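Reader: I have a model open on my screen and would like a close look at the disulfide, followed outward into the strands and loops around it. Could you walk me through that part in one go?

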Amino acid sequence: QVELVESGGGLVQPGGSLRLSCVPPRTIFDITITTMGWYRQAPGKQRDLVASISTGGRTNYADSVKGRFTISKDNNENTVFLQMNSLKPEDTAVYYCNVAPRPLINGWGQGTQVTVSS
């Protein structure tokens, strides 16, 4: 199991912004050789892929976050970021990183909580 790799979550008001970071050990996920993604899961709901970035930097987004979220990476630091702007209450969830689009069962970390509320 991967633990303590996601960070940056918190409590924000609607319309606010957060920047999430994912820093897995290279022995678990080497982002230079695999597509990485950000997933989220709200209470009582499925865990869904919201954004991904390929080894070459091609990005994809779920319709629900397109235009508001930006995924990026730093290969030297083996770090994947998720910049979240114009946050909505429905973005409230625990956010995780993993390979995409088929995550590894043993690749989930602790996740980071994002709460959007007034």
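Author: Happy to. At 2% relative accessibility, Cys97 counts as buried, because the cut-off for buried is under 20%. Please keep in mind that this is a predicted model. The partner of Cys97 is Cys22, and the sulfur atoms of the two lie 1.9 Å apart. That pair satisfies the rule for a disulfide, and the count for the model comes to 1. Cys22 sits in strand E3, residues 18-22, while Cys97 belongs to strand E9, residues 93-99, so the link ties together distant parts of the chain, 75 residues apart. Cys22 is buried as well, with a relative accessible area of 0%. As for its geometry, the link of Cys22 and Cys97 is right-handed, with 60° about the S-S bond. A disulfide, in general, is a covalent bond between the sulfur atoms of two cysteines.

Let us start from the Cys22 end. E3 is a member of an open sheet of 4 strands, in the order E1-E3-E8-E7, with antiparallel pairing. Strand E1 (6-7) and strand E7 (69-74) stand at the edges, and each has a single partner strand, so one side of each is left without a neighbour in the sheet. At the E7 edge, the pairing with strand E8 (residues 79-84) is antiparallel and runs over 6 bridges. One place to look there is Asp74, which stands opposite Thr79 in E8. As a general reminder, strands of a sheet pair through backbone hydrogen bonds, either parallel or antiparallel.

Two loops beside E8 deserve a click. In the loop between E7 and E8 you will find Asn78, which has a positive phi of about 50° although it is not a glycine. Asn78 counts as buried, at 2% relative accessibility. On the other side, the loop between E8 and E9 holds Ser86, which also is not a glycine and has a positive phi of about 50°. Ser86, however, is partly exposed, with a relative accessible area of 41%.

Now to the Cys97 end. E9 pairs with E10 in the antiparallel sense over 3 bridges, and Ala93 stands opposite Val114 in E10. E10 also has a parallel pairing, with strand E2 (residues 10-12), again through 3 bridges. In that pairing, Leu11 has Thr115 of E10 as its bridge partner. If you turn strand E10 (residues 112-116) around, you will see a covered face made of Thr112, Val114 and Val116, and an uncovered one with Gln113 and Thr115. In a regular strand the side chains alternate between the two faces of the sheet.

The loop between E9 and E10 contains Pro101. The peptide bond that joins Ala100 and Pro101 is cis, with omega about 0°. From Ala100 you can step across to Ser52: leaving aside neighbours within four places in sequence, the contacts of Ser52 include Ala100, along with Thr35, Met36, Gly37 and Ile71. Ser52 lies in strand E5 and counts as buried at 9% relative accessibility.

Another contact of Ser52 is Asn60. Asn60 has its place in strand E6 (residues 59-61) and counts as partly exposed, at 47% relative accessibility. Apart from neighbours within four places in sequence, Asn60 touches Val50, Ala51 and Ser52. For a sense of distance back to the open sheet, Asn60 and Leu82 are 22 residues apart in sequence and 12 Å apart in space, C-alpha to C-alpha.

E5 leads to one last stop, the largest pocket. Strand E4 (36-41) and strand E5 (47-53) each supply at least two residues of its lining, and E5 gives the most, with 3 residues. The space in this pocket is about 200 Å³. Its lining has 13 residues, and Arg40, Ala42, Lys45, Asp48 and Glu90 lie nearest the centre. Sorted by class, that lining has 5 nonpolar, 4 polar and 4 charged residues.

Key
Residues numbered from 1 in each chain as written. Predicted model: local features only at pLDDT ≥ 70, side-chain atom pairs only at ≥ 80, totals over all residues. Heavy atoms only, no water. 1 Å grid on protein atoms, 1.4 Å probe; cavity = no way out; pocket = protein on both sides within 12 Å on 5 of 7 lines; lining within 4 Å. Points joined across faces, edges and corners; volume = space filled by probe spheres on them. Nonpolar A, V, L, I, M, F, W, Y, C, P; charged D, E, K, R; others polar. Disulfide = S-S within 2.5 Å. Buried < 20%, exposed > 50% of the residue type's maximum accessible area, 1.4 Å probe, protein only. Pairing = 2+ DSSP bridges. Contact = heavy atoms within 4.5 Å.
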